[in-house]
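Thanks for coming. I will go through one structure today, piece by piece, so please have it open in front of you.

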Amino acid sequence: MPQADGFGLAGVIGLPVAHSRSPVIHNYWLKAHGIRGTYVPLAVKPERLEDALGGLVALGFRGCNVTMPHKQTAMPLLTRVNETAKRIGAVNTIVVEEDGTLSGFNNDGNGFVQSLRDAKPDWRGDAGPILLLGAGGASRAVVVALLENGAREIRIANRTPEKAQALAKDFGSAISTVAWDDRGAALGDVALLVNCTDRGMVGKDALQIDLSRLSPATLTADLIYTPLETPFLAEARARGCTTVTGLGLLLNQARLAFKAWFGVMPDVTPELIKAIEATF
């Protein structure tokens with residue numbers, strides 16, 4: 001719902017949000033496309049979420065991104081939520097419609113799949129077994145997107161086996177679980193390996209995994225983008241693997257949100273990458 005003067009407002013709702021690179025990305029695109037507007041971080045406490053979402057309409061926002069801890073709790077406060085977001089159980093993008101109602105989407109999984117295709121244009125979901133490390137909300141978004149793109153065999157290894165088993169129960173026979181202690185041994189035949197945990201993120205311990213059985217043909221991805229290359233990805237790259245950083249997911253989900261709010265599908269340019277890298 002654009003403001004009367006045509007100034008386009010969008011933002012990211014979360015707590016904390018100061019670390020988010022989304023303002024850098026969207027404000028770069030607004031300038032690049034000559035669109036009058038701005039994208040702002042919105043620190044919102046959980047108890048004020050409903051008020052904040054109503055405020056989007058009152059203030060003339062086109063919409064917002066949603067990050068932790070609001071990705072799940074925002075859902076029942078929206079007028080409608082698309083099927084992909086329902087399957088994931090979380091939203092990451094809200095669009096304020098022309099009539100003032102709120103629509104929720106989750107572009108994380110689609111952004112992730114596009115990042116795989118950016119690195120490997122002929123990537124296919126049914127190319128072979130897939131191993132995901134971690135069974136949290138990020139893993140769930142990846143599972144949904146992989147299934148929607150033809151994946152037939154997804155294995156999930158998680159420190160707490162019950163969480164992996166719950167995912168397998170939710171999504172059926174294409175999903176199986178691997179004991180966390182067997183994660184290294186399960187690498188031999190996988191076509192895609194993805195770290196969906198926070199291990200390796202700035203301030204966290206590195207992901208512990210023996211990659212000696214990892215084939216150089218295995219596409220290897222990490223959802224983390226701080227640092228741009230985790231120790232896990234650096235080791236996989238040293239073994240000859242094509243690697244995909246979490247920056248690809250961040251940028252590709254952002255493209256989809258920008259298009260929904262401002263009507264333009266923006267490009268990821270070297271200049272934008274430099275602008276993001278300058279924030280690290």
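Leaving aside its neighbours within four places in sequence, which residues is Thr84 in contact with? They are Asn106, Val144 and Glu148. Please keep in mind that this is a predicted model. Thr84 itself sits in helix 3, residues 83-88. Is Thr84 buried or exposed? Its relative accessibility is 15%, so it counts as buried, the cut-off being under 20%.

Now the sheet. It is open, it has 6 strands, and their order is 2-1-3-5-6-4, with mixed pairing. At the edges are strand 2 (37-43) and strand 4 (80-81), each of which pairs on one side only. For anyone new to this, the strands of a sheet pair through backbone hydrogen bonds, either parallel or antiparallel. Take one pair as an example: strand 1, residues 8-14, and strand 3, residues 61-66, run parallel and are joined by 5 bridges. Within that pair, Gly11 has Cys64 in strand 3 as its bridge partner.

Helices come next to this sheet in my list. Helix 1, residues 22-32, lies across strand 2 and strand 3, and runs at about 170° to strand 2. Helix 2, residues 49-58, packs on the sheet and touches strand 1, strand 3, strand 5 (93-96) and strand 6 (102-105). The direction of helix 2 makes about 170° with that of strand 1.

Back to Cys64, and to cysteines. Cys64 has a relative accessible area of 0%, so it is buried. How many disulfides does a search of the whole structure find? The count is 0. Cys196, for instance, is in no disulfide: the nearest cysteine sulfur belongs to Cys241 and is 16 Å away. Cys196 also counts as buried, because its relative accessibility is 11%.

On to helix 4, residues 108-119. With 12 residues at 1.5 Å a residue, this helix should span 16 Å, and its end C-alpha atoms are 17 Å apart, which agrees. Its buried residues are Asp108, Gly109, Gly111, Phe112, Val113, Ser115 and Leu116. What covers them? The cover includes helix 5 (137-148), strand 10 (192-195), strand 11 (219-222), strand 12 (243-244) and helix 8 (246-262).

Last, the record. An unreviewed UniProt entry annotates residues 130-197 as "domain: Quinate/shikimate 5-dehydrogenase/glutamyl-tRNA reductase". Over that stretch the chain is 34% helix and 26% strand, and the end C-alpha atoms are 15 Å apart.

Notes
Residues numbered from 1 in each chain as written. Predicted model: local features only at pLDDT ≥ 70, side-chain atom pairs only at ≥ 80, totals over all residues. Heavy atoms only, no water. Helix = DSSP H or I, 4+ residues; strand = E, 2+ residues; numbered from the N terminus. Expected span 1.5 Å × (residues − 1). Buried < 20%, exposed > 50% of the residue type's maximum accessible area, 1.4 Å probe, protein only. Contact = heavy atoms within 4.5 Å. UniProt positions renumbered as here; feature names shortened; annotations may be inferred. Pairing = 2+ DSSP bridges. Axes fitted to C-alpha atoms, helices over the stretch in contact; angles between N-to-C directions. Disulfide = S-S within 2.5 Å.
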